[in-house]
Amino acid sequence: MEKEIRKKILEILEKDARLSAKDIASMLGYEAGEIAAEIESMEKESLICGYHAFVNWDKTDDDRISALIELKVTPQRGNGFDKIAEKIYQFPEVESLYLMSGGYDFTVMLKKATMKEIALFVSSKLAIIDEVQSTATHIVLVRYKDHGTSFIEPHKDLRMVVTP
Amino acid sequence: MRDFICEKIKKIKPSGIRRLFDIANEIPDVISLGVGEPDFDTPWHVREEGIYALQKGRTFYTSNSGLSELREEICKNIKRKYGLDYDSNSEIVVTIGGSEAIDIALRALVDPGDEVVYPEPCFVSYQPCILLSDGVPVPIELSAETEFRLTPDRLEAAITKKTKVLLMSYPSNPTGAIMDMEDLEKIAEVVKKHDLIVITDEIYSELSYKGPHVSIANIPGMQERTILINGFSKAYAMTGWRLGYALAPAHIMEYLLKIHQFAIMSAPTVSQYAAVAALREGDKDIEMMKGSYDQRRRFLMESFREMGLPCFEPYGAFYVFPDISEFGMTSEEFCTALLKAENVAVVPGSAFGECGDRHVRISYAYSVETLKEAMKRLARFIESMRQKTL
């Protein structure tokens, strides 16, 4: 039961983090207090790790760019990939970090930065880590969809105002 | 010049929705909760199948009763979901929306003067379609007291020697009411006793929030006296594709098909191909949309409780039907005033039959964000109306 309700709360918040505990409670048929408590404990357990605005930077005059870097590394005896990951995600420049299956090991997504900053970060921070064998840096040209939201066409209600 | 228009058509009243539409349509930034169709886009895999059908040049007529592939999928689906057996060759016709199915079912059954009984408030097309088929419309007025369920005594009271057809639709547009097995069993008894036939419009069958939907055709001895209508509009968010179907015993279907083949020929081919994809891989889509509607339904009910606006809890479709009688206005006056004061469009209950006049229909085929803003405005409006009457 608890698991089921948690999943529902998470699904709702993932779509719209601004909904209050009261709104969510009425949507799910619970008391506002119960939902607030559940959210609080999920925050404490790091099931919910933050609430962020979803910004379309391309619409601003910001001309920094996003980069994705493929990393091949040599895992260490005893520590596997986790220790290396720690060395990478501690950098504030790193937006997200994933360990991957397939042709390379880590995907590093960088926060928006200038070309110069990215070049410097890759060459002087990432490439010099002992375990890193190689890097391949890709620049994002256009962001069409992110977090399930399309960036290109804002959703417009095409229905007639009143229909039977 | 003579007046060429036939008297039958002149007598049919224009839809009450039209008037409100004309006003609402003029207001920029209107928040409308007046729409009778899903807010979701047709699932992409279904749209893609439609595009593929076009690319492949599948733009010819299909057989009158519909693409055989589609008929088979529909029958499989009806068997799987409702446990009903229909033969995909002789007991089905694919129509242009549920609307055409209602029309041809009535035309196939009704002789001039035959009475058709139907619960009201109901979908706007029932009464006009009965009149067009030269039948006599006999509305059975329902109220929130019975949660807008049809009861055997109300049905019994409406039946005369001339009654031939019971036309009903649950889950209901506009009330959101549903009927469970027990309710339907009692109705079936009366239907059999008076030797009637049932046209059941179950277009909202997938949107039932209190246990699985049951059809009156599920009751022993009823399938043989039932025309079951359903379609793709609501379940798969496919309103504009115009695709529905009717299911009935072969000796009845034969005549629906006769009308369909001469009046329509066949339903849109591209839509039929897309619908095959909807049936084969659409369960997840339905589950997602249904879950979302149910959350919004609860949200609205909670909002009404806070406002002190009486509303029976509806468990179907995507409508709520609150009672606005405390304000001493007709439902149309209420809707017009709300529209003018707060730019919120809802539909007067009277558009669905006179007995709906104590109510307004509010659709929750909108995002929670829109519903939230609309409820804020509705609450403000109601508060100001209550101040006035003090």
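**Entry 1: the sheet in chain B**

I began with strand 9 of chain B, which pairs with strand 12 (residues 360–363) of chain B in the antiparallel sense over two bridges. I noted early on that this is a predicted model. Following that pairing residue by residue, I found B:Val320 opposite B:Ile362 of strand 12 of chain B.

Next I traced the rest of the sheet. It is open, with three strands of chain B in the order 9-12-11 and antiparallel pairing. Strand 9 (319–320) and strand 11 (347–348) of chain B are at the edges with a single partner strand each, so one side of each has no neighbour in the sheet.

**Entry 2: two helices of chain B**

I then looked up how helix 12 (residues 331–342) of chain B meets helix 13 (residues 368–389) of chain B. The packing angle is about 110°, and the axes are 10 Å apart. The two helices of chain B are therefore roughly perpendicular to each other, and helix 12 of chain B passes helix 13 of chain B in a right-handed crossing.

Which residues make the contact? From helix 12 of chain B I wrote down B:Leu338, B:Ala341 and B:Glu342, and from helix 13 of chain B, B:Arg377, B:Arg380 and B:Phe381. Sorted by class, this contact of helix 12 with helix 13 of chain B has three nonpolar, no polar and three charged residues.

**Entry 3: the domains of chain A**

Moving to chain A, I found it divided into domain 1 (3–44) and domain 2 (57–146). Taken over C-alpha atoms, the centres of these two domains of chain A are separated by 33 Å.

**Entry 4: a helix pair in chain A**

Helix 2 (residues 21–28) of chain A packs with helix 3 (residues 32–44) of chain A at an angle of about 115°, and their axes are 8 Å apart. That makes this pair in chain A roughly perpendicular as well. The crossing of helix 2 of chain A past helix 3 of chain A is right-handed.

I listed the contact residues for anyone following along on the screen. Helix 2 of chain A gives A:Ala21, A:Lys22, A:Ile24 and A:Ala25, while helix 3 of chain A gives A:Ala32, A:Glu34, A:Ile35, A:Ala36 and A:Ile39. In this contact of helix 2 with helix 3 of chain A I read off seven nonpolar, no polar and two charged residues.

**Entry 5: the sheet in chain A**

How are the strands of chain A ordered? Four of them form an open sheet in the order 2-3-1-4, with antiparallel pairing. The edges belong to strand 2 (94–99) and strand 4 (132–139) of chain A, each of which pairs on one side only. From one strand to the next the twist averages 20°.

Strand 2 of chain A and strand 3 (residues 106–110) of chain A run antiparallel and are joined by five bridges. In one of these partnerships, A:Val94 has A:Leu110 of strand 3 of chain A as its bridge partner.

I also checked what packs on this sheet. Helix 4 (residues 82–89) of chain A touches strand 1 (67–73), strand 2 and strand 3 of chain A, and its direction makes about 165° with that of strand 2 of chain A. Helix 5 (residues 115–126) of chain A lies across strand 1, strand 3 and strand 4 of chain A, at about 170° to strand 4 of chain A.

**Entry 6: where the chains meet**

Last, I looked up the contact between the chains. Chain A brings twelve residues to it and chain B brings 22 residues. The side of chain A that touches chain B has six nonpolar, three polar and three charged residues.

Terms used
Residues are numbered from 1 along each chain as its sequence is written. Chains are lettered from A and ligands numbered from 1 in the order in which they are written. This is a predicted model: local features need pLDDT of at least 70, side-chain atom pairs count only at pLDDT 80 or more; totals for chains, interfaces and linings use all residues. Axes are lines fitted to C-alpha atoms, for helices over the stretch in contact, and angles run from 0 to 180 degrees between N-to-C directions. Helices (H or I, at least four residues) and strands (E, at least two) are DSSP runs, numbered from the N terminus. Angles under 35 degrees count as roughly parallel, over 145 as roughly antiparallel, 65 to 115 as roughly perpendicular and the rest as oblique. A crossing is left-handed if the near helix is turned anticlockwise from the far one by less than a right angle, and right-handed if clockwise. Two residues are in contact if their C-beta atoms, placed from the backbone, lie within 7 Å. Ala, Val, Leu, Ile, Met, Phe, Trp, Tyr, Cys and Pro count as nonpolar, Asp, Glu, Lys and Arg as charged, and the others, Gly among them, as polar. Two strands pair if DSSP finds at least two bridges between them. Domain bounds come from an automatic or database domain assignment.
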